Amino acid sequence: MALGISSSLIDLIREVAIPLTGSSCDYDFLLESIGDARFVLLGEATHGTHEFYRTRAEITKRLIIEKGFTAVAVEADWPDAHRVNRYIRSDSEDVEASEALGNFKRFPLWMWRNADVLDLVGWLREHNDQVNANEKRVGFYGMDLYSLHASIRAVLDYLDRIDPDAGKRARGRYSCFEQHGENPQAYGYAASFDLSESCQQEAVSELVELRRRAGAYLAGDGRLAEDEFFYAEQNARLVKNAEEYYRVMFQGHIESWNLRDRHMAETLEALSLHLERQVHSPKIVVWAHNSHLGDARATQMGDRGEWNVGQLVRERHGSQAVLVGFTTYHGTVTAASEWDEPAQLKRVRSALRGSYETLFHETGVSNFLLPLQEERELKESLQEARLERAIGVIYRPETERMSHYFHARLSEQFDFIIHFDKTRAVEPLERTMHWEPHDPDETYPFGV
């Protein structure tokens, strides 16, 4: 038994946990508990684990079929996800799901260009093709803000079609960014240290003008005009927020983190309001990392002044939001060693002693769903701060403790945990010499 873990707590978890056997009924309790909630936030402990993607897809399908969810919002850029959205709604020239994922061109490619996402996109297209009522068709939307230049192009394309004069004005404003080419970080560095003028006012002015002319733009073809304006407005808002994000990212992690998660939460709210004009009480399932979707107030992040999507959604919607986290003890993962480096198939070390992952491993139950709010003794026991692992697009096992662990109070952070003791890497659509479909060397060191 691992140090610091009581046998009574292990027994309690074993008693409350719902084993996952691969049955179609595995998530019946979760679906029943979700009830009429409008937001279901599905996390992940890594950005490259097959079981996390597959399980989120399974739950998402059931939410769509059984609970009437009509939107999937993901930790991806708005214009990249919009191409997928058009494909699954039969509104694009893309013939295959793999083509619809074609706008995901920058690092980390595998995060959305992987076999599990490909399967989900294909399923969403088939589902929508069988739905008669337009308001019941599912949409796919991005919440992130990295797509500065892609969003600029999307705004210009929209205005060139609907209001060429406004398009010329927008092109003049956005030309402020041109001296830095397609490198938003270069712009952010220069603007942050006063090496070049900030484009903040231009980005704000364009958003203001677009919103001011909304009445004229919405006078077109009903719902189509409304959808197209909404997509353009979100891209213009993204440009404004991305400009600020890249400008402040050199000034401190907390400020840039908070700006990014505020943008994602605001995008979720804007999407909900937009859909509400078409669907009564729309329901949205959200995919993002645990670090974005678990309530930051229950973590080390919150202690140092960071907030996140999970916290902001909970504060606004209360019990209408259900937060689901994922954990794993060991296995493999698709990740890089440094930013912009190729994807690698990496072995995930066994979790550290004193962590939630090791606590769950000690139960001897391989895979399970754990309700965190149902049983008072368990809820109180899991309010104790313990280590929790987070692997993003970069995995550095050589600095495991420092790079990938933080303290959290699990039953305050999430409503449910889904634990897979041993997991395997998600399969990228583009394999390289660094990612090969075989088990990494079993002699790879475990522990720290």
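Student: Let's start with a loop residue: is D340 buried or exposed?
Tutor: D340 comes out at 58% relative accessibility. Buried means under 20% relative accessible area, exposed means over 50%, and partly exposed is in between (1.4 Å probe, protein chains only). So at 58%, D340 counts as exposed.

Student: And what kind of model is this?
Tutor: Residues are numbered from 1 along each chain as its sequence is written, and side-chain values use heavy atoms, with hydrogens and water left out. Local features need pLDDT of at least 70, side-chain atom pairs count only at pLDDT 80 or more, and totals for chains, interfaces and linings use all residues, since the model is predicted.

Student: Back to D340: what is its phi?
Tutor: You'll find D340 in the loop between β6 (321-335) and β7 (344-348); helices (H or I, at least four residues) and strands (E, at least two) are DSSP runs, numbered from the N terminus. Most residues other than glycine have a negative phi. D340 isn't a glycine, yet its phi is positive, at about 70°.

Student: S90 has a positive phi too, so where does S90 sit, and what is its relative accessible area?
Tutor: S90 has phi near 55°, although this residue is something other than glycine. Its place is the loop between α4 and α5. S90 is partly exposed, with a relative accessible area of 41%.

Student: Which form does the peptide bond from F107 to P108 take?
Tutor: Most peptide bonds are trans. P108 lies in the loop between α5 (97-100) and α6. Omega for the bond from F107 to P108 is near 0°, which means the bond is cis.

Student: How are α4 and α6 oriented to each other?
Tutor: Helix α4 (residues 78-88) and helix α6 (residues 115-129) have axes that come within 8 Å and cross at roughly 40°. Axes are lines fitted to C-alpha atoms, for helices over the stretch in contact, and angles run from 0 to 180 degrees between N-to-C directions. Under 35 degrees counts as roughly parallel, over 145 as roughly antiparallel, 65 to 115 as roughly perpendicular and the rest as oblique. That's why α4 and α6 are oblique.

Student: Which residues of α6 do V84, Y87 and I88 of α4 meet?
Tutor: Contact means heavy atoms within 4.5 Å. On the α4 side you have V84, Y87 and I88, and on the α6 side they meet V121, L124, R125 and N128.

Student: What about α10 and α12, how do they run?
Tutor: Helix α10 (residues 200-212) packs with helix α12 (residues 222-248) at an angle of about 165°, their axes 9 Å apart. So α10 is, relative to α12, roughly antiparallel.

Student: How many residues of that contact are charged?
Tutor: The contact includes Q200 and R211 of α10, plus F229 and E233 of α12, among others. Ala, Val, Leu, Ile, Met, Phe, Trp, Tyr, Cys and Pro count as nonpolar, Asp, Glu, Lys and Arg as charged, and the others, Gly among them, as polar. That divides the contact into eight nonpolar, one polar and, for charged, six.

Student: Which residues touch the most other members of the largest nonpolar core?
Tutor: A nonpolar core is a set of buried Ala, Val, Leu, Ile, Met, Phe, Trp, Tyr and Cys residues joined through side-chain atoms within 4.5 Å. Of the 70 residues in the largest one, those touching the most other members are F360 and L370.

Student: Which element gives the most to that core?
Tutor: The core is the one with F360 and L370 in it. With eleven residues, the element giving the most is α12.

Student: How far is A166 from L210, C-alpha to C-alpha?
Tutor: A166 is found in helix α8 (residues 164-174). It is buried, with a relative accessible area of 2%. Beyond its neighbours within four places in sequence, A166 contacts L159, E209 and Y217. Although A166 and L210 are 44 residues apart along the chain, their C-alpha atoms are separated by 8.5 Å.

Student: Last one: what is M264 in contact with, beyond its neighbours within four places in sequence?
Tutor: M264 is in helix α13 (residues 253-276). Its relative accessible area is 0%, so M264 is buried. Leaving those neighbours aside, M264 is in contact with E75, M143, D144, H292 and V309.
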